[in-house]
Every structure is written in C-alpha cells, then in structure tokens.
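Trainee: Got a minute to walk through this one with me? I'd like to go from the overall make-up down to the details.

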Amino acid sequence: MKPRVALSFFLFCLTGPLGCSEALYPPRPSQVPGPPIADPPQSRVVMHVTLSRAGLSQLVEAAVPLTDKGTFSFLGQRTYFWRRTPFELSFDSATGKIGARCQVTGQADLPATTMHFPLTITAEAQPVLSADYTAQLQAPVVTITTEDRLMKAAEWSGGVLQTIRGAVEKQLKDLRIDLRPLLAPAYATLARPLPIHIGDANACVDLGIQTFEAGPTVLAGGVEKDLAVVLAPSVTLPCTPNGGAPLTDKALPPLHNVASIPSGPFEVVVPVAATYDEMRKAMVQAFTNGKLYFSPEFPELYLEKPEVYASGGEIVVKLHLSGFVKKGFRVHLEGDLYMNGHPQVRDNELEVPDLQPTVETKDALLALKTRLDGEGMRRQVRQALRVDIGSRLRAVRARLSSELTFAQPARPGNPAGPAVPRACLRADVGKIEVSGIYAHDSYMRLYVKVTAQAAAYLPCPFKLVD
C-alpha cells in the first residue's frame with residue numbers, strides 16, 4: 001500500500017475503537033430459481049436378435065415329427081405311415097421367405113396290398129414377429145411331389161398326399177416361439193430405478209420404457225432382426241417408479257413393427273445426480289485442518305467454512321475469510337467471500353473452471369486497504385472444488401453391461417409349444433461420457449451418454465452364467 005495510506009491506516013489501528021482490523025461482508029447472492037431443466041431426449045437401446053440356421057433347424061425339426069401316421073379315404077378308411085429325412089433349410093432374402101425341404105418314404109395300406117412310395121416335401125413360409133412377442137411362420141405353403149410313376153397314376157395317392165400336406169402345414173403353422181422369457185429379464189433390469197440420494201431425500205433415475213420396436217426381418221443364413229427399446233429417462237423425487245406396480249413379463253409394452261431401426265452401436269443418455277453437499281465435503285477434505293491457506297504473502301490468512309448452493313443455474317460458493325496480515329503491524333481480516341461459476345465435468349471430475357468472485361465481492365475486495373491476491377485465491381478455491389464422479393459413471397456402465405448379459409436355459413417341448421434351445425443376451429459398453437450438466441435448485445443433474453451394443457442369440461454361442 002502507498003506510504004500515505006499506510007501511515008493513515010497505521011494511525012487508525014493505534015487510535016481506532018475496534019483496533020487494527022478490516023471487515024468484508026458483500027451481499028449474499030439470493031437463491032434464484034434456475035431455468036427449467038428438460039429431461040434427456042428419448043433414446044433407443046437396439047438389440048440385434050439372431051436365430052441361426054442351427055437354431056431354426058432345431059425348431060422346425062421339433063415342430064414336424066420324423067415319423068407320422070394317419071388315415072385317408074379310399075374305398076373306406078385306410079392307414080398310412082411315413083418317415084422323413086432332416087429338413088434342409090434355405091433363405092430367400094428377396095421374397096423374405098424360408099424354405100424347408102426333406103425326403104419322405106411312406107407306405108399305405110390298400111385293399112389286399114401295402115404300397116411303398118417316395119415323396120419330396122417342400123415348404124415355404126415368411127417369419128414374422130407379432131405384437132405379443134411371438135415369432136411364427138406366417139402362411140406356410142407345403143408342396144408334395146413324387147417321381148414315382150405308379151403313385152402319380154394311382155387313384156388312392158390323392159387322398160394320401162392331401163392328408164400329409166394338411167398335417168405338415170398345420171404343424172408349421174402351430175410353431176410358436178415366445179420371446180417374452182428372453183426379453184422380460186432385460187425389461188425388468190431397465191425398468192428397475194437407479195436410486196440416488198439428494199440430501200436426506202431419496203430420488204431415482206427412471207429410464208421410462210415407452211415401447212419396444214421391431215425392424216424388418218433379414219434372412220442371411222439365418223433369421224436376423226433388430227429390436228429397439230425406446231426410453232424416456234427422467235429424475236423423480238421422491239422415487240415412485242412405475243407407479244409402484246410390480247414389474248413382470250406381463251408389463252412388457254406392446255411390440256410395434258416399424259419400417260426401420262438404426263443398426264449398429266446405439267447411444268443412451270442417462271441422468272445421474274450430484275449434491276452440493278458433496279462439493280462442500282470435497283472442499284473441506286482439500287483444506288488443511290479445515291482451512292485453506294491461499295496467500296504465500298500472508299501465511300496467516302485463510303478461508304474456511306465452505307457452503308455451496310445454486311442460484312440462477314450457476315454454482316455459488318461462500319467462504320469465510322479470517323486471519324491476520326502483517327504490514328509492520330498485525331491487521332485482522334474478517335468476512336465472507338462469494339464466488340460463482342458454471343459446473344463442468346473433465347476427466348471424470350466435477351469442477352467449476354470459470355469460478356470467480358461475484359461483482360459485489362470484487363468491489364468489497366477493492367475497498368480493502370489490505371490488497372489481496374484475488375487470482376491466487378480463485379485458483380486455489382477452484383482447485384479444491386472438485387468431485388470425483390467416476391463411481392457414478394462405472395455404475396451406469398455396469399447397469400448396461402453386466403446386468404444385460406445373461407443366459408436363458410433351454411426349454412423342453414410340451415403341449416404348449418416346441419422345445420426351444422438355450423438363448424442369451426449380451427451387451428458390450430464402449431464409450432461413456434458426460435454430455436451435459438445442469439445446476440438444479442436442490443442438486444446437479446448430469447447427463448451421461450453411453451455408447452453400447454446389444455445382441456440376443458438363439459441358440460446361445462457363448463458360455464455365460466445362467
């Protein structure tokens with residue numbers, strides 16, 4: 001300070017009624033509500049479902065028995081019996097149809113004799129997925145041909161061929177694959193709220209499952225289809241996910257068949273939260289015995305008792321200034337400082353890089369006779385105001401990877417449906433980053449963008465823990 005000012009201040013310290021001290025009490029920024037915070041945009045979790053040639057063969061083989069027998073009309077009721085070879089499957093991507101072909105040897109009991117005959121059975125059908133998650137073969141058309149000249153000319157052959165064709169068509173038409181047992185666990189996992197604590201209140205992140213979508217069927221050595229789960233994430237306070245209703249496979253929303261679904265990796269934006277008390281505690285931990293000594297020039301001067309809150313969408317930090325400065329004599333400084341700025345996330349740390357004193361605090365600092373290093377103070381406060389959010393990001397990664405990787409055991413055949421081979425769902429999470437951060441009145445909302453891939457297989461090619 002200038003000699004004349006220093007002399008005046010020294011005389012004031014000697015004669016002033018309060019002794020040698022200065023006070024700093026700028027007005028406290030009010031807690032003005034911030035702008036409305038919109039929930040994240042809708043996202044799609046895309047799941048690529050693959051029914052391999054081997055898996056489809058198992059289903060068709062289970063639907064149409066290797067042997068069969070029945071009756072037909074020819075001069076009364078006659079019996080027949082046939083045995084087939086395994087089906088050979090073909091896939092026509094142009095027509096969207098699956099072809100199945102097998103050879104049959106049979107016999108028919110006729111008056112006074114038994115006739116043996118060879119046949120070729122050819123079937124075509126279009127695989128579809130209905131709104132109730134049932135995969136089936138739509139409108140199967142079965143054709144039966146024979147190269148046996150005697151059977152072509154025989155009057156009785158018409159009854160046998162018609163009966164066999166009708167039986168095989170019915171067996172293929174009755175083939176049903178219920179995908180709900182595979183999708184219900186994934187749905188329950190996504191629908192389960194992610195709890196977060198905001199002070200003493202319990203809030204949660206609800207992914208808000210809206211609907212399931214199914215894209216066109218692709219035939220490429222098997223049946224492939226993209227399914228998408230449409231999400232509308234939100235933060236609810238208090239936590240009341242799904243209205244308190246239990247999550248079961250019956251809660252699966254209807255399946256909508258759509259013209260297209262973006263394939264490949266998908267992006268999901270998930271909101272998570274951080275509280276202002278976490279930032280306050282982080283600052284206290286960065287202090288030395290609860291005090292931040294910020295000035296090498298004045299080693300007895302420190303900041304303490306941090307308080308963090310939001311105002312108008314910004315972070316406000318209040319700090320209490322205390323201690324002494326020496327300018328040939330000891331001067332006691334006392335007061336409050338207020339700084340504000342916008343929160344950001346860098347390297348998995350929540351921080352406020354543009355933190356600076358409020359206008360009123362700057363004016364109060366300039367009014368002090370003791371000149372303080374405002375830039376050094378700001379730099380050290382900003383360094384202390386950091387919160388590691390890596391654990392939150394890891395929690396989001398685990399939610400979309402570990403919990404969405406599981407196997408469904410094989411189901412044996414029963415009167416309600418054919419045997420279904422072991423199926424599994426697998427998710428691989430790639431890049432994860434914070435796409436936005438907003439200072440809510442009572443907490444900070446972070447939008448975490450996750451890039452991932454998910455696929456379901458039938459039968460399952462992996463060794464997963466059931």
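Mentor: Sure. Helices (H or I, at least four residues) and strands (E, at least two) here are DSSP runs, numbered from the N terminus. Keep in mind that this is a predicted model.

Trainee: With that definition, how many helices and strands does the protein chain have?

Mentor: Count the runs of each kind along the protein chain. You end up with nine helices and 26 strands.

Trainee: What share of the residues counts as buried?

Mentor: The cut-off is under 20% relative accessible area. Apply that to the 466 residues of the protein chain, and the buried share is 46%.

Trainee: And what part of the exposed area comes from carbon and sulfur atoms?

Mentor: The protein chain exposes about 23100 Å². Of that area, carbon and sulfur atoms supply 54%.

Trainee: Among contacts between residues at least 6 apart in sequence, what percentage joins residues at least 24 apart?

Mentor: A contact here means heavy atoms within 4.5 Å. Take those between residues at least 6 apart in the protein chain, then pick out the ones at least 24 apart, and you get 66%.

Trainee: On to a sheet: which are the edge strands in the one ordered β20-β21-β23?

Mentor: That sheet is open, with three strands and antiparallel pairing. An edge strand pairs on one side only, and that picks out β20 (344-346) and β23 (386-388).

Trainee: What is its average twist from one strand to the next?

Mentor: Go from strand to strand in the order β20-β21-β23. The twist averages 30°.

Trainee: Which residue in β21 is the bridge partner of R346?

Mentor: Three bridges join β20 to β21 (residues 349-351), and the two run antiparallel. R346 has its bridge partner in β21, and that is E349.

Trainee: Which cysteines form a disulfide?

Mentor: The sulfur atoms have to lie within 2.5 Å. The count comes to one disulfide. Its sulfur atoms are 2.2 Å apart, and the pair is C424 and C460.

Trainee: How many residues apart are they?

Mentor: The pair links distant parts of the chain. C424 sits in strand β25 (residues 423-439) and C460 in the segment after β26 (444-458), which puts them at a separation of 36 residues.

Trainee: What is the handedness of that link?

Mentor: Look at the angle about the S-S bond, which is 90°. The link of C424 and C460 is right-handed.

Trainee: Why does C460 count as buried or exposed?

Mentor: Its partner C424 is buried at a relative accessible area of 0%. Buried means under 20%, so C460 also counts as buried because its relative accessible area is 15%.

Notes. Residues are numbered from 1 along each chain as its sequence is written. This is a predicted model: local features need pLDDT of at least 70, side-chain atom pairs count only at pLDDT 80 or more; totals for chains, interfaces and linings use all residues. Side-chain values use heavy atoms; hydrogens and water are left out. Two strands pair if DSSP finds at least two bridges between them. Axes are lines fitted to C-alpha atoms, for helices over the stretch in contact, and angles run from 0 to 180 degrees between N-to-C directions. Buried means under 20% relative accessible area, exposed over 50%, partly exposed in between (1.4 Å probe, protein chains only). Accessible areas come from the Shrake-Rupley method with a 1.4 Å probe; for residues, only the protein chains shown count as cover.
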